[in-house]
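Got your viewer open and a selection box ready? Let's walk through this one stop by stop.

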Amino acid sequence: MSNAQAHTTAALPLSDQLVLVTGGGRGLGAAIVKAFYQEGAALVINYRHSADQAQELAEQIRARGGQALAVEADVTDFRQVVAMFEAAREEFGRPVTTVVNNALVDFSFNGDERPDADEIAFAAFEQQFRGTVGGAMHVIQAAMNGFREIGSGRVVNIGTNLFQNPVVPYHDYTAAKAALLSLTRTYAKDLGPLGVRVNMVSGGLLRTTDASSATPDEVFDAIAASTPLGHVTTPEEFASAVTFFASPASRAVTGQNLVVDNGLVMD
């Protein structure tokens, strides 16, 4: 494919895209799915345990005239990820154009219950690296056949502002997300000649998702008071930024990390 063709496919409107969101059945993932649906995209809703929520979300989208398929896959298992892409191709008859790496290995955002630096075991880091970095790597690799077919592709990795502002001791989670930023940039460099854009959207604590449901209200209030805009970012606000990186508006952007936290961290 010529460079001119690659630039044309890179400007594919969201309404013509097939978007796969990992961990898309609930929480932030569901908000991202809904944001893409509102833009007219067809959706592949990945889940691991949240079968009921993912299937219900897909049914809601189809009932409103949209296109959606819920697919079970553990992103840490490459064979399951490949099978998920095959199911998407069979259902929609075309390749996935954008992937959003949102899936989170079991983690609760409650700083009071997380181990301190001198107590945490490396096994916790291994678990987070396997899910965050390994899962994203598997999804990107499985998407590449389709990306090559259309001459472009979009990858949006979900990060965190904690590696700029480590105010809570999420040592394992934060280290894994920092590694995901490195992967974002090395993959952006390596895959750019193939027309693939790879970016990250990083948030702080979101009010509220399943993962942040254990967070005390006083923590949310303290964060809101520290932001220039005076409130904690919602999943819907965050999801809007994710759609930007899949849209033609970001066709000249790759290897970037956009922090979406109402100005708490300015990087």
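## Start in the middle: strand 4

Select residues 98-101, which make up strand 4. Both faces of this strand are covered: Thr98 and Val100 lie on one side, Val99 and Asn101 on the other, and all of them are buried. Keep in mind as you click around that this is a predicted model.

Now bring in the strands on either side. Strand 4 pairs with strand 1 in the parallel sense, over three bridges, and with strand 5, again in the parallel sense, over four bridges. Two residue pairs make handy landmarks here. Valine 99 in strand 4 is the bridge partner of leucine 20, while asparagine 101 has asparagine 157 in strand 5 as its bridge partner.

## Across to strands 1, 2 and 3

Next, select residues 18-21 for strand 1. Leu18 and Leu20 point one way, Val19 and Val21 point the other way, and all four names belong to buried residues. Strand 1 pairs with strand 2 in the parallel sense over four bridges. To see one of these pairings, show leucine 18 together with alanine 42, its bridge partner in strand 2.

Carry on to strand 2, residues 42-47, which pairs with strand 3 in the parallel sense over five bridges. Which residue of strand 3 stands opposite asparagine 46? Label valine 71 and you have found it.

## Step back: the whole sheet

Show every strand as a cartoon. What is the order of the strands in this open sheet? The seven strands run 3-2-1-4-5-6-7, with parallel pairing. At the edges you will find strand 3 (68-72) and strand 7 (257-260), each of which pairs on one side only. From one strand to the next, the twist averages 20°.

## Helix 5 over the sheet

Add residues 122-150, helix 5. This helix lies across strand 4, strand 5 (153-160) and strand 6 (196-203), and runs at about 180° to strand 4.

Pick out glutamine 127, found in helix 5. Is glutamine 127 buried or partly exposed? Its relative accessibility is 30%, so glutamine 127 counts as partly exposed. Leaving aside neighbours within four places in sequence, glutamine 127 is in contact with Val105 and Asp106. For a distance check, try glutamate 86: glutamine 127 and glutamate 86 are 41 residues apart in sequence and 27 Å apart in space, C-alpha to C-alpha.

Then move to serine 152, in the loop between helix 5 and strand 5. Serine 152 counts as buried because its relative accessibility is 4%. Draw a C-alpha to C-alpha line from serine 152 to glycine 192: these two are 8.9 Å apart in space and 40 residues apart in sequence.

## Last stop: a pocket

Finally, switch on a surface and go to the second largest pocket, which holds about 210 Å³ of space. To frame the pocket, select its lining: Val82, Phe85, Glu86, Arg89, Arg94, Pro95, Val96, Gln141, Ala142, Ala143, Asn145 and Gly146.

Where does this lining come from? Helix 4 (78-92) and helix 5 each supply at least two residues, and helix 5 gives the most, with five. Colour the lining by residue type and the split is six nonpolar, three polar and three charged. Glu86, the partner in the distance check above, is one of the lining residues.

Notes. Residues numbered from 1 in each chain as written. Predicted model: local features only at pLDDT ≥ 70, side-chain atom pairs only at ≥ 80, totals over all residues. Heavy atoms only, no water. Pairing = 2+ DSSP bridges. Axes fitted to C-alpha atoms, helices over the stretch in contact; angles between N-to-C directions. Contact = heavy atoms within 4.5 Å. 1 Å grid on protein atoms, 1.4 Å probe; cavity = no way out; pocket = protein on both sides within 12 Å on 5 of 7 lines; lining within 4 Å. Points joined across faces, edges and corners; volume = space filled by probe spheres on them. Nonpolar A, V, L, I, M, F, W, Y, C, P; charged D, E, K, R; others polar. Buried < 20%, exposed > 50% of the residue type's maximum accessible area, 1.4 Å probe, protein only.
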